Amino acid sequence: MFEILKAILFGIVEGITEWLPVSSTGHLILLDEFLELKATDAFKSMFDVVIQLGAILAVIVLFFHKLNPFAFKTKSKQQRKDTWQLWFKVCVAILPSGILGVLFDDWMDAHLHNGIVVSIALIVYGIAFLFLEKGNSGKHLKRIEDVHAIDYKTAILIGCFQALSLVPGTSRSGSTILGAILLGVGRSAGAEFSFFMAIPTMLGASAIKLLKFFLETGFAMTGSELSVLIVGMVVSFIVSLLVIKGLMDYVRNHSFAVFGVYRIILGIIVLGYFLLIG
């Protein structure tokens, strides 16, 4: 029962942090440092990624109409064409992180998935968020306000920003949304495109982790581990439904400066813990 309660907490943390620019993977790694799941290292490596499928399902549910190119009754021919184009742009955008993720997944697991790296990434990118927001706040550029208006060049450049999030503690959503803003995309359109990119990105990452887990263990997991995985995914789905709606309302009118401050404070506290106590 205690492991199920941990799974609920992990699901809540995932559902909140997946969509905020604070790094879901980083928070899960830190949470496991202080509230360790009783599971094998192979399971926990897979769990940290696959739990995100619950959060991804929330995006599909909330944006199903916009993402569905087969809605013949509710979309015109042009709207369906625009939807297909959007999916093609998303697929182009995930190439940089996809290629790097496949090539360096094992190396990153071995060298970057620890509290020190997460803490440093939280601080460094927290500072970067503050500088980028300050430098961008006074500019009155013509923005791309419709996610369908993002062109392929902008999509691939946003994808390059997403590749930065392969370092735990960086934040996939933060990198892509702020990258989109710097490239001239409005906050709302940038957030939507970031959410859509998460679908194939997380599906691909989960497939890689599940394949590695199968090769290492043959999908051998205890009943407790299976329960933890299912509960974590369900909770992350429910929490994500609430967080995504709130974040979309927030980004339309606010900067990410508050998240930059949060990252710096958390990073300093956790780094101090690992250096002085851990």
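This report walks through a few spots in the structure, from a surface patch to some individual residues. Please keep in mind that the model is predicted.

**A patch at the start of the chain**

A good place to begin is the surface. Met 1, Phe 2, Leu 5, Ile 8, Ile 12 and Ile 16 together make a nonpolar surface patch of about 590 Å². One of these residues, Ile 12, sits in helix H1, which covers residues 2–17. Ile 12 has 33% relative accessibility, so it counts as partly exposed.

**Two buried acidic residues**

Next, take a look at Glu 192, which belongs to helix H11 (residues 187–217). With a relative accessible area of 10%, Glu 192 is buried. Leaving aside residues up to four places away in sequence, Glu 192 touches Phe 63, Lys 66, Val 147 and Met 248. Ile 244 is 52 residues from Glu 192 in sequence, while the C-alpha atoms of the two are 9.7 Å apart in space.

Asp 48 is found in helix H3, residues 41–50. Asp 48 is buried too, yet it has no salt bridge. The nearest side chain of opposite charge belongs to Lys 209, 8.0 Å away. Not counting residues up to four places away in sequence, Asp 48 is in contact with Leu 28 and Ile 29.

**Cysteines without a bond**

How many disulfides does a search of the whole structure find? The search finds zero. A disulfide is a covalent bond between the sulfur atoms of two cysteines. For Cys 91, the closest cysteine sulfur is in Cys 160, and because the distance is 16 Å, the two are too far apart for a bond. As for their surroundings, Cys 91 is partly exposed at 39% relative accessibility, and Cys 160 is partly exposed at 40%.

**Two loop residues with positive phi**

Most residues other than glycine have a negative phi. The table shows two residues with a positive value.

| Residue | Phi | Loop | Relative accessibility |
|---|---|---|---|
| Ser 23 | near 80 degrees | between H1 and helix H2 (24–34) | 4%, buried |
| Phe 219 | near 65 degrees | between H11 and helix H12 (223–251) | 41%, partly exposed |

Is Ser 23 buried or exposed? At 4% relative accessibility, Ser 23 counts as buried, whereas Phe 219 counts as partly exposed at 41%. The loop that holds Phe 219 follows H11 and leads to helix H12, and H11 is also the helix in which Glu 192 is found.

How values were computed
Residues numbered from 1 in each chain as written. Predicted model: local features only at pLDDT ≥ 70, side-chain atom pairs only at ≥ 80, totals over all residues. Heavy atoms only, no water. Patch = residues over 30% accessible without salt bridge, like charges linked within 9 Å, V, L, I, M, F, W, Y side chains within 5 Å. Areas by Shrake-Rupley, 256 points an atom, 1.4 Å probe, with all protein chains shown as cover. Salt bridge = Lys/Arg side-chain N within 4 Å of Asp/Glu carboxyl O. Helix = DSSP H or I, 4+ residues; strand = E, 2+ residues; numbered from the N terminus. Buried < 20%, exposed > 50% of the residue type's maximum accessible area, 1.4 Å probe, protein only. Contact = heavy atoms within 4.5 Å. Disulfide = S-S within 2.5 Å. Lys, Arg positive; Asp, Glu negative; His and termini not counted.
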